[in-house]
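Visitor: Hey, can you walk me through this one?
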Amino acid sequence: MTRTTHTLTLDQGTLDVTVDLHGRRGHPFLLLHGGGGPQTVAPFAGLLAEQRPARVFSPVHPGFDGTTRSDWLTDVTTLARVYAQLLDALDLRDVAVVGNSIGGWIAAELATLGSDRISSVTLVNAVGIHVPGHPIADTFGLTPVELSRLSFHDPSKFRFDPSALSEAQRAVMAANRATLQVYSGPHTMADPTLAERLAKVAHPTLVAWGASDQIVDADYGRAYAQAVPDAQFRLLPGTGHLPQSETPGQLLPVVWEFADAHATGRPRP
């Protein structure tokens, strides 16, 4: 893995974005992490780059893992514009965008911008829309053990002992949590305008969903797919809110095959 920092200039000001890169050749992926931080996607990024011809760019959302968040960066819509600018700065084309949880929300917002650098979008247990009767769980009041029970098909494999954390690790977790609350906005992990704007998305879109997710259930995922023209929906059995962590071997071919089917960088058979 290689870590670099890129200074981007937007109308609001300049911003440093840290990016982890896995792989040197192949189809470019933009992999967007959820509220648990970059460590929730890093092993999957490495696996994807190792098992497929892929270059996986995984930015650290500003404010996570000790990075700086500018005062003007307070919502997912603006963060999506940051990543559109990042694709320009890296001069990437034929990009497969993949996002999990709030990273999926960012990916959805990025899709609404219509960048011609993007060839496909995969939303993995994404948040970001309102679905009547299928609320997003309020995770901010949960203990780590309670959150694990909602997040995983088999939480016994992902036991978490907060007492084992160092003071530095506790500080990072607290900062990540505060940053997530900023990005989540006033409507608890959703934007009431997003579903309507998704109706104009032209990128090929796949919505992949862990069937055991209790943060956002499968019917929420189906509603997400219905909001995007011609989007596909894929239910992933035996996994929860973080398939890239719980069942990476199941998610990887799903993500790769969809991205590869819509790649524009080489002639299709």
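Here is a short chat about helix pairs and nonpolar cores.

Guide: Heads up, this is a predicted model: local features need pLDDT of at least 70, side-chain atom pairs count only at pLDDT 80 or more, and totals for chains, interfaces and linings use all residues. Residues are numbered from 1 along each chain as its sequence is written, and side-chain values use heavy atoms, with hydrogens and water left out.

Visitor: Cool. At roughly what angle do the axes of H2 and H3 cross?
Guide: Roughly 70°, and the axes of H2 (residues 76-90) and H3 (residues 102-112) come within 8 Å. Helices here are DSSP runs (H or I, at least four residues), numbered from the N terminus, and axes are lines fitted to C-alpha atoms over the stretch in contact, with angles from 0 to 180 degrees between N-to-C directions.

Visitor: So are H2 and H3 roughly parallel or roughly perpendicular?
Guide: Roughly perpendicular, because of that angle (65 to 115 degrees counts as such).

Visitor: Which residues of H2 and H3 make the contact?
Guide: Among them are Leu 79 and Tyr 83 of H2 and Trp 105 and Ile 106 of H3 (contact means heavy atoms within 4.5 Å).

Visitor: New topic: how many residues are in the largest nonpolar core?
Guide: There are 57, and Tyr 83 and Tyr 220 are among those touching the most other members. Such a core is a set of buried Ala, Val, Leu, Ile, Met, Phe, Trp, Tyr and Cys residues joined through side-chain atoms within 4.5 Å (buried means under 20% relative accessible area, with a 1.4 Å probe, protein chains only).

Visitor: Which helix gives the largest share of this core?
Guide: H2, with 8 residues. There's also a second, separate core of 22 residues, including Ala 49 and Val 98.

Conventions:
Helix = DSSP H or I, 4+ residues; strand = E, 2+ residues; numbered from the N terminus. Parallel < 35°, antiparallel > 145°, perpendicular 65-115°, else oblique. Buried < 20%, exposed > 50% of the residue type's maximum accessible area, 1.4 Å probe, protein only.
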